[in-house]
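Hi,

Here is the structure I promised to pass on. Have a look at it first, and then read my notes underneath.

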Amino acid sequence: RRRATRVRYVLTDLLPKKMADNTTIRIGGVPEHFNYPFTLAQERGLYKKHGVKVEFVIQKCGTGAMIQALKNKEQDIVVALTEGLVADIAKGSNLKLLGTYVASSLCWAISAGAKNDKINSVDDLKGATFAVSRYGSGSHLMAGVLASTKGWGGSDAVNFKVVGAFKALRDSVNAQDTDVFMWEHFTTKPFFDSKEVKRVGEIYTPWPCFMLAARADVAKAKADAFKRVLAAVGEAAEIFHRETKTMPKFISEKYKLKVEDAHEWYQGVNIVATPMVPAPAIKTALKALQTSGVLTPENYPKPKPLQEFVFEELASLSDSKLLPSPKPSAKL
């Protein structure tokens, strides 16, 4: 395990440290604990070390908004939910995967209004209206996956209402304009603890939860700078996992999580920041998206070769579900 991981970082060290050019690479991501390594890379001078300028752009509305920002060329790279990226690429967009950012799965908490006595468990959600940040977002796609796993259809089919960012989702269920919403567990937990909303269930993604993506034409034009970004963030991920004594407390303070919650999240998360993409993950996501009705014969008429999901000048497909990881306890 040590040898495979070390080879990865030695190879990144061979990149020339001369600044690629004066272009700043804009990376979009949500303001959550998962994305701290992008800030860590800035704080520890890793972008400068690898010869690239980076601006991390906060995206409060999540994957759907980030995909649109890529298409509008407002950002160069996004770190977004795997299922959202796979769905968009499958539908024929010019986005490509650059690599896997978080190899562990994501726990989606299902939340209802604190005073909604009609909804207390997942079984109460047949025909419910889900508040979503926008169509194509993780909160939308995973609600479809949940309905599919439960076999809800016909009169039991769930409905969706776009309401906006995280606070708008909470306000919507409390006003009972909608019934429930789905969001990452640890981001939502402070609002369970304060009893602003109540937790009625959960669902885990059966694939690595976050990947990196860009427009194909932008990735081609900025390939050298993108390599440097991946090298810097990969090194930041190594530091993130190595500093086990201080990192959970720091995450707790920075992202306003309880210390015990930060510890639990830190122990379970596996941030890899690698240019490898597991082929089984794409296959599993595609199957779930088709079963849930997100991908249909109309918008995905014929299977797309898996190679077309990745930007092969920078990323590579892996036949294994397991990826090289800087996390000491992670399996290769």
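Below is what I found, going through the sheets, the helices and the cysteines.

Please keep in mind that this is a predicted model.

Let me start with the six-stranded sheet. This sheet is open, its pairing is mixed, and its strands come in the order E2-E1-E3-E10-E4-E11. Strand E2 (53-58) and strand E11 (271-274) form the edges, each pairing on one side only. From one strand to the next, the twist averages 30 degrees. Helix H4 (residues 63-71) packs on this sheet, where it touches strand E1 (24-29), E3, strand E4 (95-102) and E10. The direction of H4 makes about 155 degrees with that of E3. Within the sheet, strand E3 (residues 77-81) and strand E10 (residues 210-215) run antiparallel and are joined by four bridges. If you want a place to zoom in, Ala80 has Met211 in E10 as its bridge partner.

There is also an open sheet of five strands, again with mixed pairing, in the order E7-E6-E8-E5-E9. Here the edge strands are E7 (159-162) and E9 (197-204), and the twist averages 35 degrees from one strand to the next. Strand E5 (residues 107-113) runs antiparallel to E9, with seven bridges between them; Ala109, for example, is partnered by Glu202 in E9. Two helices are worth a look here. Helix H7 (residues 166-174) lies across E5, strand E6 (129-132), strand E8 (180-184) and E9, at about 150 degrees to E8. Helix H8 (residues 185-193) packs on the sheet too, touching E5, E8 and E9, and its direction makes about 120 degrees with that of E8.

Next, a helix pair. Helix H2 (residues 36-43) packs with helix H10 (residues 223-242) at an angle of about 100 degrees, their axes 8 Å apart, so H2 and H10 are roughly perpendicular to each other. H2 contributes Tyr36, Pro37, Phe38, Leu40 and Ala41 to the contact, while H10 brings Ala232, Val233, Ala236, Ile239 and Phe240. The residues of this contact divide into 10 nonpolar, no polar and no charged.

Finally, how many disulfides does a search of the whole structure find? It finds zero. The sulfur of Cys209 is 11 Å from the closest cysteine sulfur, in Cys107, which is too far for a bond. Cys107 is buried, with a relative accessible area of 11%, and Cys209 is buried as well, at 1%.

Enjoy exploring it!

Best wishes

Key. Residues numbered from 1 in each chain as written. Predicted model: local features only at pLDDT ≥ 70, side-chain atom pairs only at ≥ 80, totals over all residues. Heavy atoms only, no water. Pairing = 2+ DSSP bridges. Axes fitted to C-alpha atoms, helices over the stretch in contact; angles between N-to-C directions. Contact = heavy atoms within 4.5 Å. Parallel < 35°, antiparallel > 145°, perpendicular 65-115°, else oblique. Nonpolar A, V, L, I, M, F, W, Y, C, P; charged D, E, K, R; others polar. Disulfide = S-S within 2.5 Å. Buried < 20%, exposed > 50% of the residue type's maximum accessible area, 1.4 Å probe, protein only.
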